[in-house]
Amino acid sequence: MKNSIAICPGSFDPITYGHLDIIHRAANMFDKVIVVVAHNKNKVTSFTPLERVNMIKKCIPELNNVEVDTFDGLLADYAKQKGAKAIIKGLRAMSDFEYEFQMALTNKKLNPDVETLFLTTSAQNMYLSSSMVKQIASMGGDISSFVPEVIKEDILERIN
Ligand code: PNS
């Protein structure tokens, strides 16, 4: 799917190897990928949107076709504003499916020009989530297998 823009939305609180896997694969499929950090007022987050953007940027300096941005509003509107053809989401397990399916259908209704594409998570990331990373960090566990070294200290400083 060349000559197209895709967006990878999420909370990224914080970004993990699971998200990074999806971002790398999207960057291989599209000319330009915009990773968008959502301002979700209904979700209690550990990092501000700007902190999350900065952590993502630190993890992907080599990806020249990927931009990182934040948005506050409807994803369907953001996609329209950016001329995005696709919303890329990672699917870990069946438990993700119902919620993701609902969001995909809603976004299609709000913006019929954008398709939601699901990428199956790589096997090693099936169980991985930002909340799991924060829980392990808060209990003194080693998070090296779940997040890149460049953001490890940012996470440990905030969580502890
Ligand atoms: O990483 P998350 O928390 O699963 O990401 C959820 C996200 C940010 C993709 C979702 O909450 C979202 O799209 N929020 C923007 C608001 C919106 O467009 N809502 C209507 C679509 S269901």
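**Polar contacts, ligand site and backbone geometry**

The side chains of Lys89 and Glu100 are joined by a polar contact of 3.0 Å. The model in which this contact occurs is predicted. Lys89 is part of strand 4, which covers residues 86–91. With a relative accessible area of 14%, Lys89 falls under the 20% limit and is therefore buried.

Salt bridges number 12 in the structure. One of them links the side chains of Arg25 and Asp21, with an N to O distance of 2.9 Å. Both Arg25 and Asp21 belong to helix 1 (residues 17–29), where a separation of 4 residues places them about one turn of the helix apart. The two partners fall into separate accessibility classes: Asp21 has a relative accessible area of 17% and is buried, while Arg25, at 26%, is partly exposed.

A further salt bridge is formed by Asp72 and Lys41, whose closest N and O atoms are 3.0 Å apart. Asp72 is located in the loop between strand 3 (66–71) and helix 3 (75–82), and Lys41 in the loop between strand 2 (32–38) and helix 2 (49–59), so the pair ties together parts that are 31 residues apart in sequence. The relative accessible area of Lys41 is 68%, which makes this residue exposed.

Between Lys108 and Glu115 there is also a salt bridge, with 2.8 Å separating the closest N and O atoms. Lys108 is partly exposed at 30% relative accessibility, and Glu115 is likewise partly exposed, at 41%. Elsewhere, Asp13, Arg52 and Lys134 are joined into one network by salt bridges that share partners.

The ligand is surrounded by 13 residues, the closest being Ser11, Ala38, Lys43, Gly73 and Leu75. Polar atoms of three of these residues were examined in relation to ligand oxygen atoms. In the side chain of Ser11, an N or O atom is 2.5 Å from an oxygen atom of the ligand. For the side chain of Lys43, the corresponding distance to a ligand oxygen atom is 2.7 Å. Leu75 takes part through its backbone, an N or O atom of which lies 2.8 Å from an oxygen atom of the ligand. The ligand taken alone exposes 550 Å², of which the protein buries 76%.

The space that the ligand takes is the largest pocket. Two elements, strand 1 (5–10) and helix 4 (94–110), give two or more residues to the shell around the ligand. The largest share of this shell comes from helix 4, which supplies 3 residues.

Helix 4 also contains Ser95. Ser95 has a relative accessible area of 64% and is therefore exposed, since the limit for that class is over 50%. The C-alpha atom of Ser95 is separated by 25 Å from that of Ile56, and the two residues are 39 residues apart along the chain. The loop between helix 4 and strand 5 (115–120) holds Pro112. Pro112 is exposed as well, with a relative accessible area of 52%. From Pro112 to Ala26 the C-alpha to C-alpha distance is 21 Å, with their positions 86 residues apart in sequence.

Backbone geometry was considered last. Most peptide bonds are trans, and most residues other than glycine have a negative phi. The bond joining Asp13 and Pro14 is a cis peptide bond, with omega at about 5 degrees. Pro14 is situated in the loop between strand 1 and helix 1. Phe12 lies in the loop between strand 1 and helix 1 too. The phi angle of Phe12 is near 50 degrees, a positive value in a residue other than glycine. At 5% relative accessibility, Phe12 is buried, because the limit for a buried residue is under 20%. Asp13, one of the two residues joined by the cis bond, is also a member of the salt-bridge network with Arg52 and Lys134.

Conventions. Residues numbered from 1 in each chain as written. Predicted model: local features only at pLDDT ≥ 70, side-chain atom pairs only at ≥ 80, totals over all residues. Heavy atoms only, no water. Salt bridge = Lys/Arg side-chain N within 4 Å of Asp/Glu carboxyl O. Buried < 20%, exposed > 50% of the residue type's maximum accessible area, 1.4 Å probe, protein only. Near = heavy atom within 4 Å. Polar contact = N/O pair within 3.5 Å; in protein donor to acceptor, adjacent residues only side chain to side chain. Areas by Shrake-Rupley, 256 points an atom, 1.4 Å probe, with all protein chains shown as cover. 1 Å grid on protein atoms, 1.4 Å probe; cavity = no way out; pocket = protein on both sides within 12 Å on 5 of 7 lines; lining within 4 Å. Sits in = over half its atoms within 2 Å of the grid points.
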